[in-house]
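Student: Could we go through this structure together, so that I learn how its terms are applied?
Tutor: Yes, please have a look at it, and then ask about each term in turn.

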Amino acid sequence: MTDHRSDLLRTLTSRGYVHQATDAAALDALAAREVVPGYIGFDPTAPSLHVGSLIQIMLLRRLQQTGHKPIVLMGGGTGKIGDPSFKDEARKLSSDETIAANIAGIQRIFARFLTFGDGPTGAVLVNNADWLDKLEYIPFLREVGQHFSVNRMLSFDSVKLRLDREQSLSFLEFNYMILQGYDFRELARRQGVRLQMGGSDQWGNIVNGVDLARRMDGTEVFGLTTPLLTTASGEKMGKSVSGAVWLHEDQLPHFDYWQFWRNTDDRDVGRFLRLFTDLPLDEIARLDALEGADINEAKKVLANEATALCRGRAAADEAAETARRTFEEGSAGETLPQIAATGAIALVDALVGLGFAASKGEARRLIKGGGARVDGQKVADEAAIVAAAGAPVRISAGKKHHGIVDWS
């Protein structure tokens with residue numbers, strides 16, 4: 001860690017962000033002597049990003065914190081195709097209207113993590129539809145296509161694994177890596193970008209862009225990837241029992257977001273504190289050393305700090321207080337998801353109404369499996385009725401999801 005000259009590489013390495021880099025020594029030297037514009041691309045496949053994208057957002061934040069310029073690339077063009085990397089099948093194609101709406105939703109998230117502006121390190125958001133939509137097919141093939149080797153493209157794991165499983169890879173999807181490589185070259189020209197970052201599944205696409213910029217313009221650019229992020233139990237980061245952990249409150253309430261971090265596996269606490277909070281490393285080391293019941297305090301710090309970054313400090317404080325009242329005092333926190341009832345309500349309807357089950361059938365399976373509780377008491381009867389009460393009743397699905405049925 002101490003052999004890096006730049007704050008950028010020292011920070012990224014010490015906090016665990018670096019998996020591969022095309023030329024770490026040259027990138028380190030560049031970052032030590034000048035501002036490096038770097039980018040990460042995000043395809044607008046939903047109106048919000050989820051926690052699985054958070055490591056990339058934090059990577060842009062670290063870039064800015066160490067004196068460099070983050071570029072957020074929205075894939076308004078590539079999103080019309082969909083990244084085939086390590087996917088079992090092609091994504092459903094989205095309309096232009098859906099893509100535009102998704103970009104508008106996602107933009108709001110970045111404003112919480114980055115400082116946008118015109119200065120040397122001010123973040124910038126660009127859309128690759130601005131240049132990809134204007135490409136002419138034959139000139140593009142002649143100018144760009146000649147620099148891509150199909151043999152090499154077939155050797156990348158992201159493509160090879162799909163073909164090895166004898167799963168179809170359309171020509172449309174196969175073009176994705178060419179377009180992503182072209183993005184890098186275009187951003188190097190337009191924004192002076194010298195660095196592309198992404199997850200480890202993007203390594204092949206990033207290397208293509210590095211090579212293309214060198215071949216077409218003689219520009220030295222760099223690539224850096226983060227490790228594949230899984231939990232200690234081997235699960236993919238960003239998923240929960242009830243689905244994706246969305247970054248935007250329109251898709252996931254503040255309390256559920258806070259609770260996701262609070263329920264982190266003991267073995268992941270230190271790593272997640274380094275990746276997803278701005279706490280100093282010495283404080284993280286202290287928290288990571290806690291054992292037994294004390295580790296719960298470290299988890300609360302993780303939940304508070306991660307939620308404050310994404311949702312704001314007030315939302316984090318409110319969620320923490322709700323958790324304290326709900327789990328330590330046994331009361332019904334006011335900020336839990338709620339539904340209003342006019343009389344007795346079936347437990348299956350309450351679970352569906354609170355969003356804890358997608359259907360009555362799923363709710364019945366949850367009850368049958370012992371995952372449903374009413375005011376802390378397990379309910380095993382699939383036909384159970386929650387009687388009208390003079391006070392709110394807390395409904396729980398598993399250990400992580402809690403809501404309120406209110407008759408007031």
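Tutor: Let us begin with burial: a residue is buried under 20% relative accessible area, exposed over 50% and partly exposed in between, with a 1.4 Å probe and protein chains only. This is a predicted model, in which local features need pLDDT of at least 70, side-chain atom pairs count only at pLDDT 80 or more, and totals for chains, interfaces and linings use all residues. Residues are numbered from 1 along each chain as its sequence is written, and side-chain values use heavy atoms, with hydrogens and water left out.

Student: Why is β6 called largely enclosed by the rest of the structure?
Tutor: Strands are DSSP runs of E with at least two residues, numbered from the N terminus, whereas helices are runs of H or I with at least four. In β6, 5 of the 5 residues are buried, so the strand is largely enclosed. Both faces are covered, with F222, L224 and T226 on one side, and G223 and T225 on the other.

Student: How do you know that β5 and β6 pair?
Tutor: Two strands pair if DSSP finds at least two bridges between them. As 5 bridges join β5 to β6, which run parallel, the condition is met; one of the pairs is Q196 with G223 in β6.

Student: And what joins β1 to β6?
Tutor: There are 2 bridges between these strands, which run antiparallel, and A21 has L224 in β6 as its bridge partner.

Student: Which strands join in the open sheet, and in what order?
Tutor: Its 6 strands have the order β1-β6-β5-β2-β3-β4, with mixed pairing. β1 (20–21) and β4 (124–127) stand at the edges, each with a single partner strand, so one side of each has no neighbour in the sheet.
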